[in-house]
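Me: I am new to this structure and would like to learn how to read its features one at a time. Could we go through it together?

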Amino acid sequence: MESSNDLEKKTHESAEDMNSEDQVRTSSSDENLYKNREGEEEEEEEEEGFMSVEKISRLPVSIKFNIPKKISTRKRRKSEEEDDDPNGEEKKAKLSFGGKVLSSYEIEILRKVRRRKYLKDREKKKVEELRDDIEDEIMLNHGVKLTERELIDFRFKKELYELLKKTEDNDDDVEGYRIPDAYDREGCIDQKKRFAVVEQRYSERKSGRGVTEQEAWEDHQAQKARVRFGAKDKQQVVDGYEFVFDDLTGLVEESSSEVETGRQRGCNSKTVAEKAREEREFLPIHGYRDELLKLIAKNQVLVIVGETGSGKTTQIPQYLQEAGYTKRGKIGCTQPRRVAAMSVASRVAQEVGVKLGHEVGYSIRFEDCTSDKTVIKYMTDGMLLRELLTEPKLDSYSVIIIDEAHERTLSTDILFALVKDVAKVRPDLRLIISSATLEAKKFSEYFDSARIYLIPGRRYPVEKLYRRWPDADYLETVIRTVFQIHQTEPIGDVLVFLTGQEEIERAETNLKRRMMDLGTKNSEIIICPIYSNLPTELQAKVFEPAPKGSRKVVLATNIAETSLTIEGIRYVIDPGYCKINSYNPRTGMESLLVSPISKASAEQRAGRSGRTGPGKCFRLYDVKNLEPTTIPEIQRANLASVVLTLKSLGIHDVLNFDFMDPPPETALLKAFELLYALGALDGKGEITKVGERMVEFPVDPMLSKMIVGSEKYKCSKEIITIAAMLSVGNSVFYRPKNQQLLADNARMNFYVDTENVGDHIALLRVYNSWKETNYSTQWCYENFIQSKSMKRARDIRDQLLGLLNKIGIELTSNPNDLDAIKKAILAGFFPHSAKLQKNGSYRRVKEPQTVYVHPNSGLFGASPSKWLVYHELVLTTKEYMRHTTEMKPEWLIEIAPHYYKLKDIEDSRPKKSQRSSERASTSKVDTNKKTRTSKVDTSKKAKR
DNA sequence: GAGCACTGC
């Protein structure tokens, strides 16, 4: 704590600061400041009145944010000038109305009126959207037999629409909407007013009723029921149709034009299509078209460095199509993310002027939107990899474009080597690798010195400021920086990169507390957290533009780095960390570690501020200390499924496979060992019949072995459900902070009735109960289950079901024989066995390693079972087994006699005679070696 | 008594 003396001194200093503007400005001699790389721009920075974080942090809170008085008034004026209100109407309204200058109270009223209008309009839009959806479905599903579920969905939509239509006449009720009393009363406006906007969006909706958590939940679930297209949170009026794109969509770097991607809606989109076609000519890539085509004709492999906003992803396939490449075969373009594949395809379909799924289509898991006519096909990289399994030479393609190659996903890395190989046997095939600047040279070298071609992008300059020394508590620095930006920088939203949910929540509380402390002297800050596990309806808030006069502060995980784009960001605060998952092949354990980001990531994050105008990036680190690129996934992943895939493609020498960055040998060997143990590979390392069946399932090899193994135990129906549930990970149970006890009770309900229900069986029960309620979201809500995850599990299960059929495994059900189900689980997971030790911890049977039951498991704290099978190991604060089920040791011998020998399990129930002989023999052995091994040895002797 | 970033088939 600071002494009052110190405080006084600092206050004094700060008073001086206030008087001398030079002091307030950035002082270039202070080395703890954010620094600008380019010295000359520091001048400009001073103009902006940028003040050092240090300086602000030294000041007592009450004064801290009052200091830049001159600046703040100047800034405020400046920011008003910069308001992007085209007609200046808002400004006029703020200052005068009918010649009368408005008070802040009157402005507040005006704001409310506008809000009402907005809500009313929004409802109208949503209803129209629903109508469009129904029309689309009628058109798309014409003559198609719908499944029962689809039919129910469709009827629900139709009913909803008719209901809404009916009430539309009485819509004037909207006028009855009111702001919660607490915020409306005079006298307490000051404090409340600041949160009014925030509260409104949280708690009110069209009808003016408060939205209960339940309603929000249901709304969220209903939203998820349909896929929507579009790139950004923008809307557009076309022929009386209003399209609202507010889904959580992926970034379409290339759609830098004003027209946003949209689903084609019959003939009404003609103008959109025409406009879209015109826009093409304004993209930076347009001028390079002919040169690019010439190069592609001449070079089989081309590395393209297309900067953000160049238009490469949407344009190159069209150029190729125009040049006649599609006569020989399709043009395939891979994307690392589903939404990207979908939205780019939709955009291109619009530009070409065809219906999505006809000449232009996309293919992603669970959704194939292509037809025989499709010549331009966007897809996820994993999808192309799957296609390679059935079409090893990619005969139906004339060009393959691997987009965003620098992201180095597991699939792209494998694709590199495979397409490189295919290109050798197919001279007519063209390969285009699109990458970021940093890795272009590496790609070129890998593809035998392929030509590199640069297409400039279109984006705004980003000013990068940095701190020379990292902070011990960067969260505190982040918060100070947020307020510093808020105080001294012109209008524009702030994006903060944090590592995870917990950190985001902490930052949110701290920011709010600090805001309270500061009182009303600043305009409002709206805090929007975003991370992938956040329910969708809460995620949507991030895309709503901040009301005039306020500033949005987005607290995001890495999700905002590539997966989604938020409009209006002008400032990025980047502490320089993220969580990276790594797999230790030696222990078979996964761990999520907070690590420094790479230079490439740092650039990507900084670029997030320069999408709609010049931006600023505040780095809490020095970029020169970073590694150039992130370690590619292939070097830190469990490779079992990679090896199996390669083997099934007929690649014998996986160890010397032409990886761009070879994975560690131990990881490959571990994968081999496992696959051999599972029976997927034989002694020579060749793929077996079992392996061939396993590779059909798009799941981890242990899971696919479990499925294949279920045939024997007549419980394939139960097993695919368990496999699907395990595949969605640990996001099935939902545990809100304020209802943890209730949530835990709800979860434990799935463990009762029978003894020793493990986590696997519990997951099965969850799914079946959900199914019994006809996939009710209400039921999910009541039982603290995430319906998002359940729907995903249903999709995966449906897919597995289809594959079961394909490889000829009969669908059999054996719901009451838990032993059979457990045995089937063991058929895939027998290497994951653990035995209870005296101190309550567990020990892996085949590896000398102590592990624990995960606290989220239903077995945690229960009377311990002697033998467990677990799904995976994670290293957090301890070595935990996640998803565990009790089993019998003799099953290990029964199911995997090649893997377990009697001695592995024998000391499970030491008999009297054994114990005595043990004692006898151990006494003979060196006393230092009184280990388990000696025990095991002796017990074996005893058996003999 | 923990705590999961983000993708993908």
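Me: At roughly what angle do the axes of helix 28 and helix 30 cross, and within what distance do they come?

Reply: Bear in mind throughout that this is a predicted model. The axes of helix 28, residues 716-727, and helix 30, residues 759-772, come within 9 Å and cross at roughly 95°. Angles from 65 to 115 degrees count as roughly perpendicular, and the two helices are therefore roughly perpendicular to each other. On the side of helix 28 the contact is made by Glu718, Thr721, Ile722, Met725 and Leu726, while helix 30 brings His760, Leu763, Leu764, Val766 and Tyr767.

Me: How do the residues of this contact between helix 28 and helix 30 divide into nonpolar, polar and charged?

Reply: Seven of the residues in the contact are nonpolar, two are polar and one is charged.

Me: Let us turn to sheets. In what order do the eight strands of the open sheet lie, and what is the pairing?

Reply: A sheet can be read by following its strands from neighbour to neighbour, and here the order is 9-8-10-7-11-12-6-13, with mixed pairing. Strand 9 (367-369) and strand 13 stand at the edges and have a single partner strand each, so one side of each is left without a neighbour in the sheet. Neighbouring strands of this sheet are turned by 20° against each other on average, if direction is ignored. As one example of the pairing, strand 8 (residues 360-364) and strand 10 (residues 376-380) are joined in the parallel sense over four bridges, and Tyr362 has Tyr378 in strand 10 as its bridge partner.

Me: Which strands does helix 13 lie across, and which does helix 17 lie across?

Reply: Helix 13 (residues 289-298) lies across strand 6 (301-306), strand 12 (430-435) and strand 13, and runs at about 165° to strand 13. Helix 17 (residues 410-425) lies across strand 7 (330-335), strand 11 (397-402) and strand 12, and its direction is at about 150° to strand 11.

Me: How many residues of strand 16 are buried?

Reply: A residue counts as buried when its relative accessible area is under 20%. In strand 16 (residues 525-530) six of the six residues are buried, so this strand is largely enclosed by the rest of the structure. Ile525, Ile527 and Pro529 point one way from the strand, whereas Ile526, Cys528 and Ile530 point the other way, and all are buried. Strand 16 also pairs with strand 17 (residues 551-556) in the parallel sense over six bridges, and within strand 17 the bridge partner of Ile530 is Ala556.

Me: How many disulfides does the structure hold, and are Cys333 and Cys617 buried or exposed?

Reply: The structure holds zero disulfides. Cys333 counts as buried at 1% relative accessibility, and Cys617 counts as buried at 0%.

Me: Backbone angles can also be read residue by residue. Where are Asp448 and His883 found, and what is the phi of each?

Reply: Asp448 is found in the loop between helix 18 (440-446) and strand 13 (451-455), and has a positive phi of about 50° although it is not a glycine. His883, which is placed in strand 26 (residues 879-886), likewise has a positive phi, near 65°, without being a glycine. Their surroundings can be read from accessibility: Asp448 counts as exposed at 54%, whereas His883 is buried with a relative accessible area of 12%.

Me: Which residues does Glu439 touch, and which are in contact with Gly858, leaving aside neighbours within four places in sequence?

Reply: Glu439 lies in the loop between strand 12 and helix 18 and is buried, with a relative accessible area of 7%. Apart from residues up to four places away in sequence, Glu439 touches His406, Arg408 and Thr629. Gly858 is found in the loop between strand 24 (850-853) and strand 25 (867-875), and Gly858 counts as buried at 7% relative accessibility. With its neighbours within four places in sequence left aside, Gly858 is in contact with Met748, Tyr751 and Asp759. The C-alpha atoms of Gly858 and Thr885 are separated by 9.3 Å, and these residues are 27 residues apart along the chain.

Me: How far apart are Arg131 and Tyr161, in sequence and in space?

Reply: They are 30 residues apart in sequence and 6.7 Å apart in space, taken from C-alpha to C-alpha. Arg131 has its place in helix 8 (residues 104-140) and is partly exposed, with a relative accessible area of 23%.

Note on methods: Residues are numbered from 1 along each chain as its sequence is written. Chains are lettered from A and ligands numbered from 1 in the order in which they are written. This is a predicted model: local features need pLDDT of at least 70, side-chain atom pairs count only at pLDDT 80 or more; totals for chains, interfaces and linings use all residues. Side-chain values use heavy atoms; hydrogens and water are left out. Axes are lines fitted to C-alpha atoms, for helices over the stretch in contact, and angles run from 0 to 180 degrees between N-to-C directions. Angles under 35 degrees count as roughly parallel, over 145 as roughly antiparallel, 65 to 115 as roughly perpendicular and the rest as oblique. Contact means heavy atoms within 4.5 Å. Ala, Val, Leu, Ile, Met, Phe, Trp, Tyr, Cys and Pro count as nonpolar, Asp, Glu, Lys and Arg as charged, and the others, Gly among them, as polar. A disulfide is a pair of cysteine sulfur atoms within 2.5 Å. Buried means under 20% relative accessible area, exposed over 50%, partly exposed in between (1.4 Å probe, protein chains only). Two strands pair if DSSP finds at least two bridges between them.
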